[in-house]
Amino acid sequence: EWSLRWYRSYFDSTAWMQATATSLKAASLTALVATPLATMAAYGLHASRLRHANLLLMLLLTPMVVPVILIGIGVFYAYVKLKLVNSMLGLVLAHSMLAVPVVMMVVGSALRTFDMDQEKVARSLGASRLRAFWMVTLPQIRFSVVTGAVLAFLTSFDEIIVSLFVSGGDNSTLTRNMFNALRDQVDPTIAAISTLIVGVTSLLLVFTQFVGRAKDH
């Protein structure tokens, strides 16, 4: 019969709530770290005249190409030496490494359609490069920046493989706990959590569309 029993089981569970809070915190911090870094990288590569800019771009996009399991193993061994395993800092740094290429692709696409002459005009009138970017360029690519931030959030929130290696204890993520629960037993609570994750993802994507419409108007 239809029931909300497994949703109640999820919300009444201290362990699930703690894992959810960890995932939300890690995803939010990842978005805050990855978005400005990726935006600066995309802008720098787009505006620079470096001979090896394409090579540097390929290097920054490497996490999208290398199998995530290899990244997880490498990060784990590095974190063991740095004592960052099971820490929030380590989790955010690892997720940011995965999110930066995603944000770079989105912001880079927006910059390729942006007329850089507008920024040059602002600089010719006395604005510094930073002020010209902030006042002229950023407002016109803000939709892509916001979209990149949402994708960075989702990259962290949905990530499981790296989280299996570097998270645990009080900083165990929701997806890690779901994987462990599926491995140990069949718990219908996981199905309820899955619908909530799909709902959160859908709402965030709808949010980006509203931002896009606001930009068009």
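**Exercise 1.** Determine which helix gives the largest share of the nonpolar patch, and classify isoleucine 69 within that helix.

*Solution.* Helix 5 (residues 68–82) supplies the largest share of the nonpolar patch, namely four residues; helices here are DSSP runs of H or I with at least four residues, and strands are runs of E with at least two, numbered from the N terminus. This is a predicted model, in which local features need pLDDT of at least 70, side-chain atom pairs count only at pLDDT 80 or more, and totals for chains, interfaces and linings use all residues. Residues are numbered from 1 along each chain as its sequence is written, and side-chain values use heavy atoms, with hydrogens and water left out.

Next, isoleucine 69 is located in helix 5. Because its relative accessibility is 42%, isoleucine 69 counts as partly exposed (buried means under 20% relative accessible area, exposed over 50%, partly exposed in between, with a 1.4 Å probe and protein chains only).

**Exercise 2.** Describe how helix 2 and helix 10 are arranged.

*Solution.* The axes of helix 2 (residues 14–47) and helix 10 (residues 174–184) come within 7 Å and cross at roughly 140°. Helix 2 is therefore oblique to helix 10 (angles under 35 degrees count as roughly parallel, over 145 as roughly antiparallel, 65 to 115 as roughly perpendicular and the rest as oblique). Axes are lines fitted to C-alpha atoms, for helices over the stretch in contact, with angles from 0 to 180 degrees between N-to-C directions.

**Exercise 3.** State the helix and strand counts of the protein chain and the box it fills.

*Solution.* The protein chain has 11 helices and zero strands. Its C-alpha atoms fill a box of roughly 65 × 45 × 25 Å along the principal axes. Of its 217 residues, 41% count as buried.
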